[in-house]
Amino acid sequence: MFKDFLDNSITRKVVFFVGTAIMLLAGLYFAITSDLLLMNSSLWLFISIICAFGSGICMAISDLVKSNKVAFYIVRSLGVVLAILFIVVVLIYPKSYSSVRKSDKEVRDIYTTLKEDKSYTTEAINKYILVTQIPSIIFAAIGVIVHAFGIVEIIICGIDE
């Protein structure tokens, strides 16, 4: 019964589309909210987009290379790894943030930068960090689960040519 559910073409399509779309959504959400609320730098935006969009794209590409089992599993697994790396980037961004004040070359953390440049309070900064992180992590975790489910589905039922 469970194998019939896994071997269903609708289940495969849902896993494919949800896995691809959810990671693209997670990356887009993080990029927009962290840029607008937390003044995210281009480096961190680039890294997060590469991880999130790369994961979604790997899911899509894996469907194109399913005639080659080894390439399929490598690309699909790379999608899982990139999704996990995206979660890591989202978690470490606020702690690793630094900017340099132009006037005196002082290196500032995220709290100092946002207090000076945007007049945010510490409570507002903490709130904005959570507003940026929590949905991004939830979307990415769902993406990891869907990617992993897709891999298990293929291992159990085989690749649908």
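**Close-up views of a predicted model**

**View 1. A nonpolar patch lies on the surface of this predicted model.** Four residues form the patch: Ile-84, Val-88, Leu-91 and Ile-92. Together they have about 310 Å² of accessible area. Ile-84 belongs to helix α4, which covers residues 69–96. How accessible is Ile-84? Its relative accessibility is 42%, so Ile-84 counts as partly exposed. Exposed would require over 50%, and buried would require under 20%.

**View 2. Tyr-73 in helix α4 meets two isoleucines from far along the sequence.** Tyr-73 sits in helix α4, the helix that also holds Ile-84. Set aside the neighbours within four places in sequence, and Tyr-73 is in contact with Ile-154 and Ile-155. How far apart are Tyr-73 and Ile-155 in sequence and in space? In sequence, 82 residues separate them. In space, the distance is 9.5 Å from C-alpha to C-alpha. Tyr-73 has a relative accessible area of 27%, so this residue counts as partly exposed.

**View 3. Met-39 has a positive phi in a loop.** The loop lies between α2 (9–38) and α3 (42–64). Met-39 is not a glycine, yet its phi is about 55°. Is Met-39 buried, partly exposed or exposed? Met-39 counts as partly exposed, because its relative accessibility is 26%.

**View 4. Ser-119 also has a positive phi, in another loop.** Here the phi is about 60°, again in a residue that is not a glycine. The loop that holds Ser-119 runs between α5 (110–118) and α6 (122–157). Ser-119 reaches 61% relative accessibility, so it counts as exposed.

**View 5. Cys-51 and Cys-58 are not bonded to each other.** A disulfide is a covalent bond between the sulfur atoms of two cysteines. How many disulfides does a search of the whole structure find? The search finds zero. Cys-51 takes part in no disulfide, and the nearest cysteine sulfur, in Cys-58, is 11 Å away. Why is there no bond from Cys-58 to Cys-51? The two sulfurs are 11 Å apart, which is too far for a bond. The cut-off for a disulfide is 2.5 Å between the sulfur atoms. Cys-51 counts as buried because its relative accessibility is 7%. Cys-58 is buried too, with a relative accessible area of 8%.

**View 6. The whole protein sets the scene for the close-ups, with six helices and two strands.** In what pattern do these elements follow one another along the sequence? The order is α-α-α-α-β-β-α-α. The C-alpha trace spans about 65 × 25 × 15 Å along its principal axes. The radius of gyration is 19 Å, whereas a compact globule of 161 residues would have a value near 15 Å. Of the 161 residues, 40% count as buried. The accessible surface comes to about 8800 Å². Carbon and sulfur atoms account for 71% of that surface. Now take the contacts with a separation of 6 or more: 74% of them join residues 24 or more positions apart. The contact of Tyr-73 with Ile-155, shown in View 2, links residues 82 apart in sequence.

Terms used:
Residues are numbered from 1 along each chain as its sequence is written. This is a predicted model: local features need pLDDT of at least 70, side-chain atom pairs count only at pLDDT 80 or more; totals for chains, interfaces and linings use all residues. Side-chain values use heavy atoms; hydrogens and water are left out. Patches are made of residues with over 30% relative accessible area and no salt bridge: like charges are joined within 9 Å, nonpolar side chains (Val, Leu, Ile, Met, Phe, Trp, Tyr) within 5 Å. Accessible areas come from the Shrake-Rupley method with a 1.4 Å probe; for residues, only the protein chains shown count as cover. A salt bridge is a side-chain nitrogen of Lys or Arg within 4 Å of a carboxyl oxygen of Asp or Glu. Helices (H or I, at least four residues) and strands (E, at least two) are DSSP runs, numbered from the N terminus. Buried means under 20% relative accessible area, exposed over 50%, partly exposed in between (1.4 Å probe, protein chains only). The radius of gyration is taken over C-alpha atoms; the globule rule is 2.2 Å times the number of residues to the power 0.38. Contact means heavy atoms within 4.5 Å.
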